[in-house]
Amino acid sequence: MKTLTENRVYNFSPGPATLPEPVMLRVREEFLNYAGLGASIIEISHRSKEFDAVVDGAIALFRELTLLPSDYSVLFVHGGGRMQFAAVPMNLIGRVASKRALYVETDAFSTNAIQDAAPYGQIDVIASSKQTAFDRIPTLPPVPQDAAYLHITTNNTVYGTRWNRFPETGEVPLVGDSTSEILSRVIDYSRFGMVYAGMQKNLGPSGTAIVVIRKDLLGKPLPYTPPLLNYATLEKNNSMLNTPSTFNIYVAGLVLGWIKEQGGIAAVEGRNNQKAKLLYDCIDGSQFYKGVAQPEHRSAMNVTFKLPSEELTDQFVKKANKEGLYALKGYRSVGGIRASLYNAMPIEGAEALAAFMKDFERAAG
Ligand SMILES: *Cc1c(COP(=O)(O)O)cnc(C)c1O
């Protein structure tokens, strides 16, 4: 591993987010001359054998790291996380004649998912934590078995909650938006019909998403589904029906390689828990900071908390920024502080923030 580049901050941005430094250095190193071709990865054909190797290598690494069962396909798709909010119903809701799908509302992104799905069928929100300002994962009623799928957001980026136990859905496929936590903890993919994630939080640059889908769910799209949103068509074309973001897939492949070097997902998860604990311990040991999420539903990726006043919050953000702790301002509708601790955030970054929190409390509290 190379040494740290000078002038890089600890970047707590919710997304696009910090990427592993060795990956960034590797990108820089081979940017003008990929694999000895004398051309950049962004200058060569997506139909070349070199780029085929990039896509196939990234998918193979994803399968290896997640122990993905063989009856699932892995796709790279355009449009980031949100494009899937429409693509999911377009591909899956036609599985039942009633075109009924179930959603759980847990955050701003799940609300968008519900809105974007509405034109395509009967969208029923079977549970919501809106009443308690999204501070928890709600309890689910028994899942109606006549639905095409149940959609959840496995980690809620804005309020900082996550599903620690995934719901029992019987025969109804579970669909998870894991944009803000993909590859951050060990997940049994066989519990899901589909998992998707925009790349820009744990996997690479923005604008592309990864889709993991059980093969029997492919091939029943609504009639007007565009080819570029049709998962079966994309699968047949190895995610290259048209030109994909070749750069994004290349970076994702490097990030997957980095996760493997770190010891795999379980090892990364252990460090993620350590990082989150540093901050949650700080919050729990203080009268000054107040956590936004209920302790049993806390996210390891997005740590949210409030200070006694907006003025102190502003001071906290500004002072932290001066000390190289970047992008800590909470989401506009929540306020307070949000520290995003994605895979690439080193433990030292969480330690530095915890120390800063203690100092700030001592000076202000
Ligand atoms: C960031 C995020 C999105 C949106 O991703 P885009 O690529 O900007 O569309 C969707 N869902 C969740 C859970 C997110 O955190």
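**Notes on the predicted model: ligand site, helix pairs and backbone oddities**

1. Let's start at the ligand. One of the ligand's oxygen atoms sits 2.8 Å from a polar backbone atom of Gly-81. Keep in mind as you read that this is a predicted model. Next door in the sequence, Arg-82 also uses its backbone: an N or O atom there is 2.7 Å from an oxygen atom of the ligand. Thr-157 does things with its side chain instead, placing an N or O atom 2.4 Å from a ligand oxygen.

2. How many residues surround the ligand? There are 13, and the closest are Arg-82, Thr-157, Asp-177, Gln-200 and Lys-201. Try finding these five in the viewer before you move on to the helices.

3. Arg-82 turns up again in a helix pair. Helix α3 covers residues 80-92 and helix α4 covers residues 108-117; they pack at about 45°, and their axes are 8 Å apart. That angle makes α3 oblique to α4, and the crossing is right-handed. On the α3 side the contact residues are Arg-82, Phe-85, Ala-86 and Pro-89, and they meet Phe-109, Asn-112, Ala-113, Asp-116 and Ala-117 of α4. Sorted by class, this contact has six nonpolar, one polar and two charged residues. So Arg-82 is worth a second look: it is among the residues closest to the ligand, and it also touches α4 from α3.

4. Now for α1 and α6, which are residues 21-30 and 246-261. These helices pack at an angle of about 135°, with 9 Å between their axes. They are therefore oblique to each other, and α1 passes α6 in a right-handed crossing. Who meets whom here? From α1 come Pro-22, Val-23, Arg-26, Val-27 and Glu-30, and from α6 come Phe-247, Tyr-250, Val-251, Leu-254, Val-255 and Trp-258. The split for this contact is nine nonpolar, no polar and two charged residues.

5. Further along the chain, look at α8 (residues 310-322) and α9 (residues 347-364). Their axes come within 11 Å and cross at roughly 135°. That makes α8 oblique to α9. Here too the crossing is right-handed, as α8 passes α9. Leu-312, Gln-315, Phe-316, Lys-319 and Ala-320 are the α8 residues in the contact, facing Leu-353, Phe-356, Met-357, Phe-360 and Ala-364 in α9. Count the classes and you get eight nonpolar, one polar and one charged residues.

6. Two spots in the backbone deserve a check. Some background: most residues other than glycine have a negative phi, and most peptide bonds are trans. Is the bond from Gly-15 to Pro-16 cis or trans? The bond is cis, with omega near -10°. You'll find Pro-16 in the loop between β1 (10-11) and α1.

7. The other spot is Leu-67. What is the sign of its phi? The phi of Leu-67 is positive, about 50°, even though this residue is not a glycine. Leu-67 belongs to the loop that runs between α2 (49-66) and β2 (72-78).

Technical notes:
Residues numbered from 1 in each chain as written. Predicted model: local features only at pLDDT ≥ 70, side-chain atom pairs only at ≥ 80, totals over all residues. Heavy atoms only, no water. Axes fitted to C-alpha atoms, helices over the stretch in contact; angles between N-to-C directions. Helix = DSSP H or I, 4+ residues; strand = E, 2+ residues; numbered from the N terminus. Parallel < 35°, antiparallel > 145°, perpendicular 65-115°, else oblique. Left-handed = near helix turned anticlockwise from the far one by under 90°. Contact = heavy atoms within 4.5 Å. Nonpolar A, V, L, I, M, F, W, Y, C, P; charged D, E, K, R; others polar. Near = heavy atom within 4 Å. Polar contact = N/O pair within 3.5 Å; in protein donor to acceptor, adjacent residues only side chain to side chain.
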